[in-house]
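Here's a quick briefing to read with the structure open next to you. Take the topics in any order you like.

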Amino acid sequence: MARNPAQPGPPPEDEAGPATFWSVNQLVSYNLLRARRAQGWTQQQLGEQLGQYTGRPWSNASVSAAERAYQGGRPRKFDLDEINAFCAVFDVPFAFFMLPPAGDFLISSPMGEADEEPAGRFGVDPVMYLRRILAVDPSPAFLERAQSASREHATLDFIPAKWEYAPPVAEPSEETVQLSVQAEEKRQDLQERLDLPESVIQALLETHSEEIATNVAVHLEKMGYLRNPELEKLQRELQDLHNKMTQFLADEEAGDG
């Protein structure tokens with residue numbers, strides 16, 4: 001369940017839950033904390049890195065305040081120079097710091113970032129927000145300028161992002177999950193009894209995967225799972241025809257004798 005950014009605590013990693021309001025500044029704060037933790041840096045190390053782009057190092061207190069702002073305490077408004085420094089330090093695009101956490105979300109209006117949130121706060125639809133920050137299906141005016149700048153400064157073509165339908169991933173059945181768990185337990189038991197390293201087991205499975213698949217197919221066919229009634233009927237008719245032809249030739253040969 002996605003944590004309400006107004007509540008204290010560490011940022012959710014891969015959680016989902018009810019729609020939550022986020023301001024853009026809270027998203028920057030949230031993603032700054034995640035980016036630092038992903039790098040394994042201390043707040044002091046991040047402050048020193050930022051000093052290369054902002055003119056002077058950030059103190060631990062400054063970094064801490066910037067990272068805690070998403071939790072709904074003292075509001076923090078990041079300017080573009082600061083976000084540009086974040087992008088340079090972590091080598092990510094601007095959109096990285098605008099991405100929401102997992103779970104349903106709404107981007108609050110600029111009014112919602114005030115100390116006293118007004119009644120009737122409204123949010124920006126997620127699709128519209130993502131289209132905006134990811135430049136999906138951009139307007140002709142933006143596309144023309146982006147293409148012109150890319151060709152002039154980078155000698156490259158700008159290819160805009162496009163939406164592609166992502167079909168939902170079917171959840172495995174409980175039976176499939178149980179069979180998978182049982183197979184993994186048997187594999188681990190075999191590995192322990194034979195005292196073989198994981199790499200050897202993996203190599204054996206990869207080397208004999210085709211042989212294993214063939215043996216499984218033969219076994220299933222013997223049990224009747226792979227039978228095709230129409231093909232079996234055709235096979236019997238051909239066999240009967242073969243037997244009749246064989247008998248006919250034998251009779252002819254006997255008559256000539």
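Let's start with aspartate 91, which counts as exposed because its relative accessibility of 69% is over the 50% mark. Keep in mind that this is a predicted model. Aspartate 91 sits in the loop that runs between α4 (80-90) and β2 (105-108).

**Two aspartates with positive phi**
- Aspartate 91 has a phi near 55°, which is a positive value in a residue other than glycine.
- Aspartate 137 also goes positive without being a glycine, with phi near 45°.
- You'll find aspartate 137 in the loop between α5 (126-134) and α6 (140-154).
- Is aspartate 137 buried, partly exposed or exposed? Its relative accessible area is 32%, so it falls between the 20% and 50% cut-offs and is partly exposed.

**The chain as a whole**
- The secondary structure adds up to 10 helices and three strands.
- Walking along the sequence, you get the pattern β-α-α-α-α-β-β-α-α-α-α-α-α.
- The chain has 257 residues, and 23% of them count as buried.
- About 18700 Å² of the chain is exposed, with carbon and sulfur atoms supplying 55% of that area.
- If you take the contacts in the chain with a separation of 6 or more, 56% of them are between residues 24 or more positions apart.

**Helix α1 against α4**
- How do the axes of α1 and α4 cross? The axes of α1 (residues 24-39) and α4 come within 11 Å, at a crossing angle of roughly 20°.
- That angle is under 35 degrees, so α1 and α4 count as roughly parallel.
- The crossing of these two helices, α1 and α4, is left-handed.
- On the α1 side, the contact is made by Val28, Leu32, Ala35, Arg36 and Gln39, while α4 brings Ile83, Phe86 and Phe90.
- Sorted by class, the contact of α1 with α4 has six nonpolar residues, one polar and one charged.

**Helix α1 against α3**
- The axes of α1 and α3 (residues 60-68) come within 7 Å and cross at roughly 120°.
- At that angle, α1 and α3 are oblique to each other, because 120° lies outside the ranges for roughly parallel, antiparallel or perpendicular.
- Here Ser29, Leu32, Leu33 and Arg36 of α1 meet Ala66, Glu67 and Arg68 of α3.
- The class count for the contact of α1 with α3 is three nonpolar, one polar and three charged residues.
- Look for Leu32 and Arg36 of α1 in both places: they are listed in the contact with α4 and again in the contact with α3.

**Two residues to find in the helices**
- Glutamate 82 belongs to helix α4.
- Buried or exposed? Glutamate 82 has a relative accessible area of 14%, which is under 20%, so it is buried.
- Which residues does glutamate 82 touch, leaving out those up to four places away in sequence? They are Trp58, Arg76 and Lys77.
- Valine 24 is part of helix α1, and its relative accessible area of 28% makes it partly exposed.
- Valine 24 and methionine 98 are 74 residues apart in sequence, yet their C-alpha atoms are 6.5 Å apart in space.

Technical notes:
Residues numbered from 1 in each chain as written. Predicted model: local features only at pLDDT ≥ 70, side-chain atom pairs only at ≥ 80, totals over all residues. Heavy atoms only, no water. Helix = DSSP H or I, 4+ residues; strand = E, 2+ residues; numbered from the N terminus. Buried < 20%, exposed > 50% of the residue type's maximum accessible area, 1.4 Å probe, protein only. Contact = heavy atoms within 4.5 Å. Areas by Shrake-Rupley, 256 points an atom, 1.4 Å probe, with all protein chains shown as cover. Axes fitted to C-alpha atoms, helices over the stretch in contact; angles between N-to-C directions. Parallel < 35°, antiparallel > 145°, perpendicular 65-115°, else oblique. Left-handed = near helix turned anticlockwise from the far one by under 90°. Nonpolar A, V, L, I, M, F, W, Y, C, P; charged D, E, K, R; others polar.
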